[in-house]
Amino acid sequence: MASLFASVEMAPRDPILGLNEQFNADPNPKKVNLGVGVYTDDQGKLPLLKCVAAAEKQMSEAPKARGYLPIDGIVAYDKAVRGLVFGAEHPAVKAGRIATAQAIGGTGGLKLGADFLKRLNPDAQVLISDPSWENHRALFESAGFPVDVYPYYDAANRGIHFDGLIAKLKSSKAGTIVLLHACCHNPTGYDLTDAQWDEVIAVIQAGGLVPFLDMAYQGFGNGIAEDGQVVIKFLESGLSFFVSTSFSKSFSLYGERVGALSIVSESAEESGRVLSQLKRVIRTNYSNPPTHGAQVVATVLNSPELRKMWEDELAEMRDRIKLMRTALVKELSAAGVQGDLSYITRQKGMFSYSGLNAAQMQRLRAEFGVYGVDSGRICVAALNSGNIQGVAAAIKAVM
Ligand code: PLP
């Protein structure tokens, strides 16, 4: 009899995590990993934030038994996330119109939202930006949705194809789910302006579309409150919408899988019904979330002293990335790269869309041990004073 798994085909490698495996196997001592979206400090180390270490110390000094958490997670965590994302004093928060559930990272928040939406409106279509984080398409497709794209990156002008974006939204059917990057667009680094967000919101509202904001990098663009302004704009519009939150990057807690999903509805009564259904999604997937990471984040966000420490540490990460952007422009110019490089400092967040093509990115890997994604995306947050010159020289060599 044939093996049960005889017909199982080998799945393609995840493009980014596959790159990591290739990086780890590369014996080149000068190799640089600019593929995965992880922040490292100027020594090339993944930081353990001081606020996280302090919270863990507090937690270890008063150890607690690990019972099951409520289905929607730690109450103090959900409340702190709502406060951070929407503002604790915002009337929508005070009115109880926002349901927040702890999730397994930002990915988990997106998947909970996708599964919830599939039950709510099984025939909807999902729109993601072209290009987007690789997992967006796969995640919404695996929740059962057809996924299409709206124009986003404008290669010729090194910016956003805003007219195309608006035209696509205007031609979309009511009920279409529109996934938007709240800040620090991954992979391009180009964010909409305030005025452009206003226009997007007006079109979404006029067309009866369903906004889903992915907030994976709050604090890495212009600041925690500044990056969060987009969410407030949606809140003020009166729309019902979804926000997924990730603390992987902003707390450097990648492996703890700390995130959330918030759903804004029209009333506290509606929100109660929404949360009850969201809990069913959670219960039938993984029952309830894990304790440690969310307890760390709740401890930090709910202590004025630790929160201040976090805000300072996040600012430090943000400022270092900005410094690396300026330094990259300088080093590329010094290496002889011609033309306007100001797009590098205009981009926000961890990534820069370099404009290099797949063949050039492959040469960077093979000849120089510089690992970026074939789309041309490089992680600026992994540049440091020790590797930036070599990276700039390698980029110049493949251009
Ligand atoms: N959304 C975007 C745009 C991301 O870039 C990422 C991570 O890279 C995520 C969501 C997922 O975050 P997490 O690692 O918390 O699941």
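1. Let's start with the annotated region. The UniProt annotation, from an unreviewed entry, reads "domain: Aminotransferase class I/classII large" and covers residues 30-395. Keep in mind as you look around that this is a predicted model. Over residues 30-395, helix makes up 47% of the chain and strand 15%. The C-alpha atoms at the two ends of this stretch are 15 Å apart.

2. Now the domains. The domain assignment splits the protein into domain 1, made of 15-49 + 306-398, and domain 2, made of 68-302. Notice that domain 1 is written as two pieces of the chain. If you take the C-alpha centres of domain 1 and domain 2, they lie 27 Å apart.

3. How many residues of each domain are in contact with the other? On the domain 1 side there are 28 residues, and they meet 26 residues of domain 2. Three elements, α1 (15-25), α12 (304-334) and β11 (351-353), each supply at least two residues to the side of domain 1 that touches domain 2. Helix α12 gives the most, with seven residues. Sorted by class, this side of domain 1 has 17 nonpolar, six polar and five charged residues.

4. Here is a helix pair worth finding on your screen. Helix α2 (residues 50-61) and helix α11 (residues 292-301) have axes that come within 9 Å and cross at roughly 105 degrees. Angles of 65 to 115 degrees count as roughly perpendicular, and α2 and α11 are therefore roughly perpendicular to each other.

5. Which residues meet where α2 and α11 touch? From α2 come C51, V52, A55, E56, Q58 and M59, while α11 brings Q295, V296, T299 and V300. The residues of this contact divide into six nonpolar, three polar and one charged.

6. Next, have a look at the ligand. Around the ligand you will find G37, G105, G106, T107, W133, H181, N186, D214, A216, S246, S248 and G259. Helix α5 (residues 105-120) gives the most to this shell, with three residues. By class, the shell around the ligand holds two nonpolar, nine polar and one charged residues.

7. A few backbone details deserve a pause, beginning with a proline. The peptide bond from D130 to P131 is cis, and its omega is near 0 degrees. You can find P131 in the loop between β3 (126-130) and α6 (134-142).

8. There is another cis bond to visit. The peptide bond from N186 to P187 is cis as well, with omega near 20 degrees. P187 sits in the loop between β7 (177-181) and α8 (194-207). You have already met N186, one of the residues that surround the ligand.

9. Finally, stay in that loop for one last detail. C184 lies in the loop between β7 and α8. What is the sign of its phi? The phi of C184 is positive, about 50 degrees, although C184 is not a glycine.

Methods. Residues numbered from 1 in each chain as written. Predicted model: local features only at pLDDT ≥ 70, side-chain atom pairs only at ≥ 80, totals over all residues. Axes fitted to C-alpha atoms, helices over the stretch in contact; angles between N-to-C directions. Helix = DSSP H or I, 4+ residues; strand = E, 2+ residues; numbered from the N terminus. Parallel < 35°, antiparallel > 145°, perpendicular 65-115°, else oblique. Contact = placed C-beta atoms within 7 Å. Nonpolar A, V, L, I, M, F, W, Y, C, P; charged D, E, K, R; others polar. Near = placed C-beta within 6 Å. Domains from an automatic or database assignment. UniProt positions renumbered as here; feature names shortened; annotations may be inferred.
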